[in-house]
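Morning, everyone. I have one structure to go through today, and I will take a sheet and then a pocket. Please have a look at it before I start.

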Amino acid sequence: MELLKQIKLNASKLNKRIVLPEGTEPRTLQAAAIILKEKIAQVILLGNEEEVALKANQLGADVSAAEVVNPKTDARRDTYADMMVEIRKKKGLTKEEALSLLNDPLYFGPMMIKAGDADGELAGAINATGDVLRPAFQFVKTLPGVSVVSGAFLMFVDKKFGHDGVLVFSDCAVMPDPDAQQLAEIAITSAKTAQSIVGLEPRVAMLSFSTKGSAKHPLVDKVVEATKIAKEKAPGLMLDGELQLDAAIIKEVGELKAPGSPVAGKANVLVFPGLEAGNIGYKLVQRLAGAEAIGPVLQGMAAPINDLSRGCSVDDIVNMVAVTANQAQ
Ligand code: ACO
């Protein structure tokens with residue numbers, strides 16, 4: 001877990017402002033106290049000030065160093081509402097509607113980032129993924145040149161796999177059924193996540209139930225097409241497909257099924273063909289193999305906004321705040 005230490009250390013140096021919209025949620029408050037104590041980031045808790053203080057006291061969580069912002073009364077509401085109307089003018093959003101949306105911390109948080117009042121956001125301990133992501137998609141939007149946001153997991157497994165036991169799995173959280181173009185984009189942004197957060201040289205495997213033509217099916221064709229598009233878009237990237245999981249990560253199987261491939265047998269970025277495989281796949285490795293799973297790290301968004309699983313622990317929140325701060329650099 002050397003990497004995790006590094007991520008936290010780097011976050012401390014960056015001292016970013018991370019907004020936590022679920023400001024009265026117990027695990028969030030306990031995590032906030034740890035983050036502040038270990039100086040991993042500055043913390044902004046959204047919620048009613050008295051309620052936040054009361055809950056924190058009950059839990060014995062010292063969040064006195066956090067900024068507490070009440071989305072329902074904050075003085076910046078009017079400015080944020082004007083910005084929202086401007087961003088969504090093609091969709092016909094009215095100021096009244098914008099002010100009403102701002103009562104929801106999941107809208108207020110992204111607007112703080114948009115206005116430069118926060119550097120990143122983490123939510124999802126008590127809200128569904130879609131509810132966390134929709135405001136971000138609508139108001140923060142994607143990076144230039146990126147059309148699809150996806151979610152990667154950093155998976156810590158046996159050292160014989162991936163990059164010293166670290167693999168990036170993607171997309172495990174966002175796009176239910178990407179087409180070939182979208183899958184190619186997911187592969188390229190996942191490689192960037194692997195480089196920027198893990199610091200590894202990406203070897204990207206485009207996963208399928210077929211290796212190099214061993215099966216014929218429209219689902220295989222999609223991965224073959226995505227591989228072709230990704231290679232055209234990022235010619236310098238070590239990426240190959242279509243590969244079965246064993247051919248991607250086991251040297252002997254890779255040499256047998258995909259001889260000469262620069263990725264087979266030594267992949268460290270696994271791109272799943274769809275969300276069903278990706279979401280089930282990371283949970284299988286986490287639960288059955290006991291792998292630590294950090295994420296989903298959302299990639300392709302114009303600012304770092306991350307989502308938690310509702311089953312998350314206090315440590316998961318602390319770790320993801322550190323990752324979010326790293327993304328904000
Ligand atoms: N990247 C960028 N923008 C997107 C994306 C994306 N992947 N998906 C949707 N959008 C944008 C749309 O373009 C649209 O923008 P607009 O309003 O400016 O036109 C806006 O977001 C809303 O789009 P909808 O198609 O209405 O999207 P919807 O809100 O129905 O769904 C969502 C988006 C919620 C992400 C959906 O794809 C989803 O539910 N995905 C699965 C999430 C999930 O449940 N994951 C598993 C759990 S996570 C875990 O286990 C850790």
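This is a predicted model, and I will start with its open sheet, which has six strands in the order E8-E7-E9-E6-E5-E10. The pairing in this sheet is mixed. As a reminder, strands of a sheet pair through backbone hydrogen bonds, either parallel or antiparallel.

Which strands stand at the edges? They are E8, residues 238-243, and E10, residues 292-299. Each has a single partner strand, so one side of each is left without a neighbour in the sheet. From one strand to the next, the twist averages 20°.

One pair in more detail: strand E5, residues 150-156, and strand E6, residues 166-170, run antiparallel and are joined by five bridges. In that pair, Phe156 stands opposite Val166 of E6.

Now the pocket. The largest pocket holds about 380 Å³ of space. It is lined by 17 residues, and the closest to its centre are Leu143, Thr193, Ser196, Gly300 and Gln327.

Which elements give two or more residues to this lining? They are helix H8 (180-198), helix H13 (314-327) and E10, the last being one of the edge strands of the sheet. H8 gives the most, with five residues.

By class, the lining of the largest pocket has eight polar, eight nonpolar and one charged residues. As for domains, the lining takes at least three residues from domain 1, which is 2-141 + 301-327, and at least three from domain 2, which is 150-292.

That is the sheet and the pocket. I can take questions now.

Methods
Residues numbered from 1 in each chain as written. Predicted model: local features only at pLDDT ≥ 70, side-chain atom pairs only at ≥ 80, totals over all residues. Heavy atoms only, no water. Pairing = 2+ DSSP bridges. Helix = DSSP H or I, 4+ residues; strand = E, 2+ residues; numbered from the N terminus. Axes fitted to C-alpha atoms, helices over the stretch in contact; angles between N-to-C directions. 1 Å grid on protein atoms, 1.4 Å probe; cavity = no way out; pocket = protein on both sides within 12 Å on 5 of 7 lines; lining within 4 Å. Points joined across faces, edges and corners; volume = space filled by probe spheres on them. Nonpolar A, V, L, I, M, F, W, Y, C, P; charged D, E, K, R; others polar. Domains from an automatic or database assignment.
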